[in-house]
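Me: I should like to learn how to read a model of this kind, feature by feature. Please give the general idea first and the particular case afterwards.

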Amino acid sequence: MIIRPHLHWFRMLLAWRGSVLPQLLPRLFLIFCISIVAVAAHDHLLPISLNLNTTAPFSLIGIALAVFLGFRNNASYDRWWEARKLWGQLLNESRSLTRQVLTLPVRPLPKEDVREFFTALGALPHALRHQLRKSDPREDLAARLPQALFERVMASRYKPATLMLYLGEWVQRHARAGAIDPMAVIAFDRNLNGISDVIGGCERIVSTPLPFAYSVMIHRTVYFFCASLPFGLVDSIGIFTPVFAVFVAYTFMAHEAIASQIEEPFGTDDNDLALHTMSMVIEDAMRDLLGEPALPLPSPEAEGYILN
Amino acid sequence: MIIRPHLHWFRMLLAWRGSVLPQLLPRLFLIFCISIVAVAAHDHLLPISLNLNTTAPFSLIGIALAVFLGFRNNASYDRWWEARKLWGQLLNESRSLTRQVLTLPVRPLPKEDVREFFTALGALPHALRHQLRKSDPREDLAARLPQALFERVMASRYKPATLMLYLGEWVQRHARAGAIDPMAVIAFDRNLNGISDVIGGCERIVSTPLPFAYSVMIHRTVYFFCASLPFGLVDSIGIFTPVFAVFVAYTFMAHEAIASQIEEPFGTDDNDLALHTMSMVIEDAMRDLLGEPALPLPSPEAEGYILN
Amino acid sequence: MIIRPHLHWFRMLLAWRGSVLPQLLPRLFLIFCISIVAVAAHDHLLPISLNLNTTAPFSLIGIALAVFLGFRNNASYDRWWEARKLWGQLLNESRSLTRQVLTLPVRPLPKEDVREFFTALGALPHALRHQLRKSDPREDLAARLPQALFERVMASRYKPATLMLYLGEWVQRHARAGAIDPMAVIAFDRNLNGISDVIGGCERIVSTPLPFAYSVMIHRTVYFFCASLPFGLVDSIGIFTPVFAVFVAYTFMAHEAIASQIEEPFGTDDNDLALHTMSMVIEDAMRDLLGEPALPLPSPEAEGYILN
Amino acid sequence: MIIRPHLHWFRMLLAWRGSVLPQLLPRLFLIFCISIVAVAAHDHLLPISLNLNTTAPFSLIGIALAVFLGFRNNASYDRWWEARKLWGQLLNESRSLTRQVLTLPVRPLPKEDVREFFTALGALPHALRHQLRKSDPREDLAARLPQALFERVMASRYKPATLMLYLGEWVQRHARAGAIDPMAVIAFDRNLNGISDVIGGCERIVSTPLPFAYSVMIHRTVYFFCASLPFGLVDSIGIFTPVFAVFVAYTFMAHEAIASQIEEPFGTDDNDLALHTMSMVIEDAMRDLLGEPALPLPSPEAEGYILN
Amino acid sequence: MIIRPHLHWFRMLLAWRGSVLPQLLPRLFLIFCISIVAVAAHDHLLPISLNLNTTAPFSLIGIALAVFLGFRNNASYDRWWEARKLWGQLLNESRSLTRQVLTLPVRPLPKEDVREFFTALGALPHALRHQLRKSDPREDLAARLPQALFERVMASRYKPATLMLYLGEWVQRHARAGAIDPMAVIAFDRNLNGISDVIGGCERIVSTPLPFAYSVMIHRTVYFFCASLPFGLVDSIGIFTPVFAVFVAYTFMAHEAIASQIEEPFGTDDNDLALHTMSMVIEDAMRDLLGEPALPLPSPEAEGYILN
């Protein structure tokens, strides 16, 4: 995720990193070439005539397309923001569970027992991140979990859920030993359900993209529209056609490109969520409550995103 | 549900499977023929004149139609996504119940008792799927449930709800035997309520489509608009009329067709939810927590969808 | 509520029952007549000229109107769908309460006590339906409730709330007798709160329509627009004016008419909610859990709606 | 709040009370005069020419404005509907608390103790109404509360919250006396939290209007647009300019006016919420559960609104 | 946050403070100058011709842009309003916790113990405000917290969360001493979870702006559109071009500017949330329940905002 400091309105016009302009340049150049052809055909420089004489049908298509694209943006953005909310909830539940472990038991628990709990809780966001990005969790989990738990988690197919079960077993062990009373067990249970909801919610977003037919149809409409627009504009605006055709194409293609990036919020595109930083922040927030020293968060300069 | 890997922007223009283009081809061909007639009538090749001379009223209708279609898309997509969320919640509640059965009892329960619970819980998504698709659950339930429960469930009219009641009875039996304390009963009760909400929510979506009058009216407007558009375009763009008329018709008809597919998210259209895979995933996620071997999930190649 | 089986795209163009076309026919005929006048005035068949020469202002008004109408549709549909969700929640809470009565008591309750509870719970949706439709609940309640309760409910002003209180008293009676432990009382209490929320939510929708000024203003704009449109179209499309004017009028008036029907979702218009069937389904779902024989649901053919 | 019975489509065109037409008449007359000037300038009746020759820029501005106005309407309506939901929740929580007081104590409470609770609960909506409307609660509270409580409430700055605290103290008193068990205290606590949420939610809406810059900017755009529109229309539609200019101005100004009324839902404009009636209904619903006679609700004819 | 009393419709046209007009003036002057150039080029006063002859492409771009800008406004406003809701929830949870401390313990707690709790609870909104605005909390916290707690909080990285943990420890201390029973601990726990959700929610909004690519793209489109519009308008409206170009530019730029202000609701722009006043109000509301004298709230005249 690219986060830029608040820019002056003029400097923002020139922003390069984090905008989708770089990836669109070849396609915009294509539109530019088509515009040149349209101008040439109109000015009888080419032996054929492709004159449409009118922008009217483009107005109709363009505005309808804006409405449909608006719908798609909305749906994609909702997915992105819901994903962010789920990770935010993961932070909240982790903090609440931390508070519960520190304050709900009827007597202070031994230090090593407490550490066991936080070891598993701190590894959970990392396990979730690797599951969502289909990357290898081995290194991150090995660095955090004790050997036995590490092996159990690696053997399971849904690793974050297994860690969640382990947290429940930890509560059970202390409840049976009388250190946590039945009421407090219920309080833990509520937040463990919350963790369950976060895991399942992320899995839902990653496994169910927007209906494919939508994406295809809007994609086609955008590109057909942009490719034919120069022929509609050339009669009214002549040699300015390339400027406007490229500008309109930029607006529509960029919208479509951003929507398609944020539709899958757990990817590694520029505008996707900073899962790595967020996992570290969750771990760090938990350690802060425990009074442990800060974790080194990913350097914003090195990774291109800032998240505090 | 058709899920395609992330396609290159150019290959996406040519996507065939999963788009609604195949089903629309005959209707688009009809629009193409109407356009030929319009061109012929305009060029005095036909003895009658059907000249409208203007695209202005089509602009007005087309944009208004885009707004209304945008509303319908939105409502249909909300139904589809809510349905997906309900199935996601079913996964979450199943995981939470699994954790509760494994960790809340005051003493470890006998293995066969635990299996009883998971047998019923694992059959529930299948029973729900068959109810929503009005298909025959006999085979799937017989393969999973013990004989007595199978007969009881088959005799009931709302099968998933009966399974939910059975889970409650299981909790009650162990509570009366003292294996589950009253506080834990309440924790179970909360998640059983959640299952109740999922079942009822799915039934609501399946039994209450979008108001019929909306669908009819938008359908009519789309088709009347597309059929008359060629006569409005022909005066400005002449022989390009068939290209644009078919293109606009594709945009509007495809939107309407997709909205009408996803409006009923539990059907078996290309863009409907992959209920079968989701039922298997829920069962598999539960088995994973129990440490049992993985279920064979439906092969994506064979069924045309992927859901992880 | 009219629910039609999924229609072929062509048959849908001709649908009559359940569409708002029948009720709009006289008004559309009026627009047709105005169009004839506009054509006549334009062709110098009338001694006066009413020529506007342009569709431009109509484009502006029409599209702005589409945006406003889109807002109104959205708000009305949200009311309709929220109403449906509340009734869905009533089903969910009823099922959950059924499960609780059957499984939460510390010992099985006598059959007649259980029946008392379900008698009141089964009558609640009927009482709510009659309150929302301002119809006479006497017959439905008399057929379901024992005499004493019937009289108490009939004497109260908010009948479903009185039934909800009665359910609470039932729980209290068994709690004081030791059959329901304090924790279980809280579980009941949660779902009784849910019933309270459903009742209050329905009362809110029925007592607070969309701000009247909105409805009036959009109504006026739609009808003024439709009545003046022929004079704007006639110069560009001549004798096709009646066709297009009626078509546009149909689109806008139908939208307004549907929005105004579903805005009050508890009425008895074609597109309103099938409260009668839903009350029966809730009762039937409860009976199914109790193992009692099915209720005869209203016949779809006879009542024009299907709800499963 | 003006609520009109469902009107015939034709009578609705003529509705006067409750529409914003009366308040807009002077401004519409101003637009009418500007239109006359535009027509005169165009027909060379004035020595200056103000001819714009085109509606094109107005089309652009008008439709963009419709989109922005649509956004503002939406936001205002959401505030209005959320406010209504909060008052609905107040009714629900009051009913739930009533049920709890009547059924949760382990033994029936003395009548005067019960009355104490309902006295405070019944006064709460009135106290909230006066706080939201910044009116004097003295009379309404004096008529309902016992002297000591009245003085305590009048001395506090956030009166409804003080009443909420008093309800908590009442529960505490009976809990310490053993009449309410600890579990039931938690059930009360949940609904008291709900009351807290309602009070805070209403305070939020009343203290945080829509960002002022939005309102100003949309207001300016609407009025500039309406005032300059006649000069854009006059060339195309000549002497019909006054009719259309006033009609378009009505549509846009009315939208803005309604949005600005309902943005502050707790005011006393025609379309604001009927807080007075709602306070009485909440009190009446509570009394109904207690079996007390009905309160005289405000007469709809006298106050211009109906709310059942 | 600028809050103005309800203005007369005419005075609102002239509002200066709180509108974004002041900050836009230089840019609007630039558009004015471009318009002058466009008029001069069109009237052959300049040696070059920049004539576009048509507004058609601007209509297309402008309306599409309005749709996209509408989406951005919506998303920004949702962030702003969600932020406001979170602070509202903070007030609600604080009131609920206050009620719980005063009424849930099984016996009245010593005054100094109660004060300890409220000291920390009252400092929490201030700590949160400083974290969100990245300002120095030292002064505000030193004035409120006892020395030991102050040092602990200052040493932590997430100060509000540390205060939340402290509240949990306070509950634990009294629970272990027998003054708070296990059920009541759960009630406290629920509201402490709520505080956790508020803190995390605010951190989420502040750390995750709208995807940067959106902001850049819409910014560019708005400014390119406004800068080229004069050349499109000049042929139709001649010397009125500067008036309309500046007016349209104002509408679009102001929308973009407001959206970009409220997108970061915790800043100190004119339309951002009045965090300082809100912190004071939360503290004051808590003190009111405790019967303590009112805090001096920030003077509206001095700070430019009012929030009650």
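Me: What should the 22 residues of helix α2 of chain B span at 1.5 Å a residue?

Reply: In this predicted model, helix α2 of chain B covers residues 21–42. At 1.5 Å a residue it should span 32 Å, and the C-alpha atoms at its ends are 29 Å apart, which agrees.

Me: Where does α2(B) bend?

Reply: The bend lies at B:R27 and amounts to about 30°. Beyond the helix comes B:H44, which has a positive phi, near 60°.

Me: Which residues of α2(B) are buried?

Reply: An α-helix has 3.6 residues a turn, so residues three or four places apart point the same way. In α2(B) the buried residues are B:I31, B:I34, B:S35, B:A38, B:V39 and B:H42. Their cover includes two helices of chain B, α9 (212–237) and α10 (241–262).

Me: How should one describe the relation between chain D and chain E?

Reply: Two copies of a chain are related by a rotation about an axis and a shift along it. Here a turn of 72° with a shift of 0.0 Å along the axis lays chain D on chain E, at an RMSD of 0.0 Å. That is the relation of a five-fold axis. Chain A is likewise superposed on chain B by a rotation of 72° and 0.0 Å of shift along its axis, with an RMSD of 0.0 Å. These copies use different surfaces, since 10% of the contact residues of chain A recur in chain B.

Me: How many residues of chain D are in contact with chain E, and which helices supply them?

Reply: The contact joins 52 residues of chain D to 57 residues of chain E. On the chain D side, α3 (56–103), α7 (159–176), α8 (182–207) and α9 (212–237) each supply at least two residues. The largest share, 13 residues, comes from α8(D). By class, that side of chain D has 30 nonpolar, 15 polar and seven charged residues. Only 10% of the interface residues of chain D are also interface residues in chain E, so the copies meet through different surfaces.

Me: Where in chain A does pLDDT stay under 50?

Reply: Where pLDDT is low, the predicted coordinates should not be read in detail. In chain A this concerns residues 302–308, where pLDDT stays under 50 and the model has 16 contacts beyond four places in sequence. Chain A averages a pLDDT of 89, and 92% of its residues score at least 70. The model scores ipTM 0.91 and pTM 0.94.

Definitions and conventions
Residues are numbered from 1 along each chain as its sequence is written. Chains are lettered from A and ligands numbered from 1 in the order in which they are written. This is a predicted model: local features need pLDDT of at least 70, side-chain atom pairs count only at pLDDT 80 or more; totals for chains, interfaces and linings use all residues. Copies are superposed by least squares on the C-alpha atoms of residues with pLDDT of at least 70 in both. Two residues are in contact if their C-beta atoms, placed from the backbone, lie within 7 Å. pLDDT is the predictor's confidence in each residue, from 0 to 100. Helices (H or I, at least four residues) and strands (E, at least two) are DSSP runs, numbered from the N terminus. Ala, Val, Leu, Ile, Met, Phe, Trp, Tyr, Cys and Pro count as nonpolar, Asp, Glu, Lys and Arg as charged, and the others, Gly among them, as polar. The expected span of a helix is 1.5 Å times one less than its number of residues. The bend at a residue is the angle between axes fitted to the seven residues ending there and the seven starting there. A residue is buried if 20 or more other C-beta atoms lie within 10 Å of its own, exposed if 12 or fewer, and partly exposed in between; C-beta atoms are placed from the backbone.
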